[in-house]
Amino acid sequence: MKKIFLLAACALFSNALFSQQWDGPLTTSDHINRRGNVSIGTGTEIDKLNIGAGNIRILYDSRIAPNVRNSLIFGNGRQQEIDFYITKLAKGLHIYPLYLQPDNNIAKPTFYISNSSNIGVGTFEVDCSNCQDYRLFVKDGIKTEKVKVEIAANNGWADYVFNKDYKLMPLNDLQAYISDKGHLPEVPTTEEAIANGIELKEMNILLLKKVEELTLYLIDQNKINQNQKTELESNRREIDDMKNKLNSLLNNQNNLSNNK
């Protein structure tokens with residue numbers, strides 16, 4: 001019996017000796033630490049924290065300042081250095097760099113995903129009442145090498161201007177419209193553009209339409225010019241013919257005078 005008890009005690013002591021223990025005060029509030037890697041739900045020990053099949057949940061608490069808590073943080077945590085935060089806010093998720101200072105822990109909007117799955121870059125204003133058709137909201141400029149806009153249907157493009165039955169506004173009517181309104185037909189005014197913005201796709205289609213209408217005006221004007229040129233050429237030949245006839249008559253008259 002004593003041998004069995006001794007072997008059990010040795011086994012327990014060996015397990016305690018070789019197991020990796022957490023360090024820290026024996027309280028429920030102070031921090032704990034360890035030097036080795038930590039694995040939860042898996043035997044993998046590649047990284048400092050290894051998680052098996054499952055999730056990691058950071059609970060949101062509105063009573064805690066969202067700019068410094070409730071976050072997944074990448075950085076050294078030193079003041080006057082940039083750390084990167086992933087923070088759960090009441091209405092979405094915010095990803096941002098934060099330059100920690102003693103009296104300045106306010107994070108400017110950087111990359112924001114709202115609870116409605118809209119995305120804001122440089123802005124939290126992504127859930128406005130009149131913009132349900134939009135998913136990406138960007139404050140300030142966008143610099144890119146390429147933008148492709150999909151056209152939903154063929155009739156959304158402006159080539160219908162070249163259809164034979166298209167009614168082109170006469171130039172005199174167009175001139176009167178511009179004199180009265182101060183802008184081209186269908187084109188928003190400066191005030192409307194400032195108040196409502198412009199739709200990139202619709203504006204490009206509209207501008208294409210105006211270019212195609214201008215092309216038709218130029219074609220019509222070229223026909224008029226060609227007709228005028230033909231008419232002028234015909235008039236010039238008639239004038240030259242009349243000059244030749246007149247000269248011939250004058251020469252005959254001179255010859256008759258000389259013969260007398």
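With a relative accessible area of 39%, S117 is partly exposed in this predicted model. The residue lies in the loop between β6 and β7. Its backbone is notable in one respect: although S117 is not a glycine, its phi is positive, at about 75°. Most residues other than glycine have a negative phi. S117 adopts this positive phi within the hairpin of β6 and β7, where four residues stand between the strands. A positive phi of about 75° is also found at E186, again a residue that is not a glycine. E186 is placed in the loop between α2 and α3.

Confidence in the prediction varies along the chain. The mean pLDDT of the protein chain is 82, and 82% of its residues reach 70 or more. Among the elements of the chain, helix α2 (residues 171-181) has the highest mean pLDDT, 95, whereas helix α1 (residues 2-18) has the lowest, 49. Over residues 11-19 the pLDDT falls below 50, and this stretch has one contact in the model beyond near neighbours in sequence.

The strands that flank S117 form an antiparallel pair. Strand β6 (residues 111-114) is joined by three bridges to strand β7 (residues 119-121). In this pairing, F111 has V121 of β7 as its bridge partner. The two faces of β6 differ in their surroundings: Y112 and S114 form the covered face, while F111 and I113 form the uncovered one. In a regular strand the side chains alternate between the two faces of the sheet.

A second antiparallel pair is made by β3 and β4. Four bridges connect strand β3 (residues 71-74) with β4, and F84 in β4 is the bridge partner of F74. Strand β4 (residues 82-89) likewise has two faces, with D83, Y85, T87 and L89 on the covered side and I82, F84, I86 and K88 on the uncovered side.

Residues from the covered faces take part in further packing. Three aromatic pairs are present in the structure. One of them is formed by Y85 and Y96, whose rings are stacked, with a distance of 5.4 Å from centre to centre and an angle of 15° between the planes. This pair links distant parts of the chain, as Y85 belongs to strand β4 and Y96, eleven residues apart from it, to strand β5 (residues 92-99). Both Y85 and Y96 are buried.

The largest nonpolar core consists of five residues, namely L89, Y112, V126, C131 and F137. Two of these names recur from the strands described above: L89 is on the covered face of β4, and Y112 is on the covered face of β6. Apart from residues up to four places away in sequence, V126 touches Y112, S114, N118, I119, G120 and F137. The contacts of V126 thus include Y112 and F137, which are also members of the core.

The core residue C131 is also bonded to another cysteine. A search of the whole structure finds one disulfide, which is formed by C128 and C131 with their sulfur atoms 1.5 Å apart. The torsion about the S-S bond is about 130°, and the disulfide is therefore right-handed. The two cysteines differ in accessibility. C131 counts as buried because its relative accessibility is 7%, under the limit of 20%. C128 has a relative accessible area of 34% and is therefore partly exposed, since this value lies between the limits of 20% and 50%.

Two further loop positions complete the description. G122 is situated in the loop between β7 and β8 (136-138) and counts as partly exposed at 25% relative accessibility. The C-alpha atoms of G122 and P109 are separated by 4.8 Å, although the two residues are 13 residues apart along the chain. Not counting residues up to four places away in sequence, G122 touches P109, T110 and K139.

I198 is found in the loop between α3 (190-196) and α4 (200-259). This residue counts as exposed because its relative accessibility is 52%, over the limit of 50%. With residues up to four places away in sequence left aside, the contacts of I198 are A193 and M203. The C-alpha atoms of I198 and P188 lie 8.5 Å apart in space, and the two residues are ten residues apart in sequence.

How values were computed:
Residues numbered from 1 in each chain as written. Predicted model: local features only at pLDDT ≥ 70, side-chain atom pairs only at ≥ 80, totals over all residues. Heavy atoms only, no water. Buried < 20%, exposed > 50% of the residue type's maximum accessible area, 1.4 Å probe, protein only. Pairing = 2+ DSSP bridges. Contact = heavy atoms within 4.5 Å. Core = buried A, V, L, I, M, F, W, Y, C linked by side-chain atoms within 4.5 Å. pLDDT = per-residue confidence, 0-100. Disulfide = S-S within 2.5 Å. Phe/Tyr/Trp six-rings, centres within 6.5 Å; stacked < 30°, edge-to-face > 60°.
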